[in-house]
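Me: Got a minute to walk through a structure with me? I'd like to start in the middle of the chain and then wander a bit.

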Amino acid sequence: MSLFGVNDVGHERGNADVTEGRDLPWLQNTAEVDAWNAWGVEYRDVVVIEPDGTVVGVLNLSDADLADDANVEALRELLGE
């Protein structure tokens with residue numbers, strides 16, 4: 001499985017700040033690829049995918065605050081940990 005951030009079209013300006021000092025892969029969506037619509041992504045979604053691009057699951061961090069241990073556990077389960 002893979003975990004990475006996907007920035008929506010039109011928000012490229014902050015990419016350098018978001019990725020500075022981090023190891024998490026960060027993808028910039030484009031109008032041609034339109035990954036947000038293909039995967040049904042919303043703002044602050046964590047999307048876990050298989051190597052073939054199949055979505056395993058989604059956890060929205062606006063709805064599932066990681067300050068709550070139950071949400072951390074839900075994310076771990078989604079990641080297969």
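Reply: Sure, here is a walk through one strand, its partner, a pocket and a handful of residues. Keep in mind that this is a predicted model.

Me: Okay, strand 4. Is it buried or exposed?
Reply: Buried. Five of the five residues in strand 4, residues 45–49, are buried, so the rest of the structure largely encloses it.

Me: Which residues sit on which side of it?
Reply: Asp 45, Val 47 and Ile 49 are on one side, with Val 46 and Val 48 on the other. Both faces are covered, and those residues are all buried.

Me: Why do they swap sides like that?
Reply: Because side chains in a regular strand alternate between the two faces of the sheet.

Me: What does strand 4 pair with, and how many bridges are there?
Reply: Strand 5, residues 55–60, through five bridges. The two strands run antiparallel.

Me: Which residues face each other at the ends of strand 4?
Reply: Asp 45 has Asn 60 as its bridge partner in strand 5, and Ile 49 stands opposite Val 55.

Me: And what's in the turn between them?
Reply: Five residues separate the strands of that hairpin, and Gly 53 takes a positive phi near 95°.

Me: Which residues other than glycine have a positive phi?
Reply: Two to look at are Asp 34, with a positive phi of about 55°, and Arg 44, with phi near 70°. Most residues other than glycine have a negative phi.

Me: Where are those two, and are they buried or exposed?
Reply: Asp 34 is in the loop between strand 3 and helix 2, and Arg 44 is in the loop between helix 2 and strand 4. Asp 34 counts as partly exposed at 29% relative accessibility. Arg 44 is partly exposed too, with a relative accessible area of 41%.

Me: Switching topic: pockets. What's the volume of the largest one?
Reply: About 590 Å³. The elements that give two or more residues to its lining are strand 2 (5–7), helix 1 (15–19), helix 2 (35–39) and strand 4.

Me: Which residues lie nearest its centre?
Reply: Gly 5, Val 6, Trp 26, Arg 44 and Asp 45, out of 24 lining residues. So Arg 44 with the positive phi turns up again here, and so does Asp 45, the bridge partner of Asn 60.

Me: What's the chemistry of the lining?
Reply: It divides into 13 nonpolar residues, six polar and five charged.

Me: Back to Asn 60, then. Buried or exposed?
Reply: Asn 60 is buried, with a relative accessible area of 12%; the cut-off for buried is under 20%.

Me: What does its side chain reach?
Reply: The backbone nitrogen of Asp 63, at 3.1 Å. Leaving out residues up to four places away in sequence, Asn 60 touches Glu 42, Tyr 43, Arg 44 and Asp 45.

Me: What about Asn 29, where is that one?
Reply: Asn 29 is in the loop between strand 3 (26–28) and helix 2. At 4% relative accessibility, Asn 29 counts as buried.

Me: Which backbone nitrogen lies 3.3 Å from a polar atom of its side chain?
Reply: That of Asp 34, the residue with the positive phi of about 55°.

Me: What else does Asn 29 touch?
Reply: Beyond four places away in sequence, its contacts are Val 6, Asn 7, Asp 8, Val 9, Asp 34, Ala 35 and Trp 36.

Me: Ala 35 is on that list. Where does it sit, and is it buried or exposed?
Reply: Ala 35 is in helix 2 and is buried, with a relative accessible area of 10%. Besides Asn 29, Ala 35 touches Gly 40 and Val 41, again not counting residues up to four places away in sequence.

Me: Last one: Asn 71. What's around it?
Reply: Asn 71 lies in helix 3, residues 69–78, and is buried at 17% relative accessible area. Its contacts are Leu 59, Ala 64, Asp 65 and Leu 66, setting aside residues up to four places away in sequence.

Me: How far is it from Leu 61?
Reply: Their C-alpha atoms are separated by 8.8 Å, and the two residues are 10 residues apart along the chain.

Definitions and conventions
Residues are numbered from 1 along each chain as its sequence is written. This is a predicted model: local features need pLDDT of at least 70, side-chain atom pairs count only at pLDDT 80 or more; totals for chains, interfaces and linings use all residues. Side-chain values use heavy atoms; hydrogens and water are left out. Buried means under 20% relative accessible area, exposed over 50%, partly exposed in between (1.4 Å probe, protein chains only). Helices (H or I, at least four residues) and strands (E, at least two) are DSSP runs, numbered from the N terminus. Two strands pair if DSSP finds at least two bridges between them. On a 1 Å grid over the protein atoms alone, a cavity is a set of points where a 1.4 Å probe fits but cannot get out, and a pocket is an open set with protein on both sides within 12 Å along at least five of seven lines; lining residues have an atom within 4 Å of a point. Grid points are joined across faces, edges and corners, and a volume is the space filled by probe spheres set on the points. Ala, Val, Leu, Ile, Met, Phe, Trp, Tyr, Cys and Pro count as nonpolar, Asp, Glu, Lys and Arg as charged, and the others, Gly among them, as polar. A polar contact is a pair of N or O atoms within 3.5 Å; within protein, one must be able to donate a hydrogen and the other to accept it, and residues adjacent in sequence count only if both atoms are side-chain atoms. Contact means heavy atoms within 4.5 Å.
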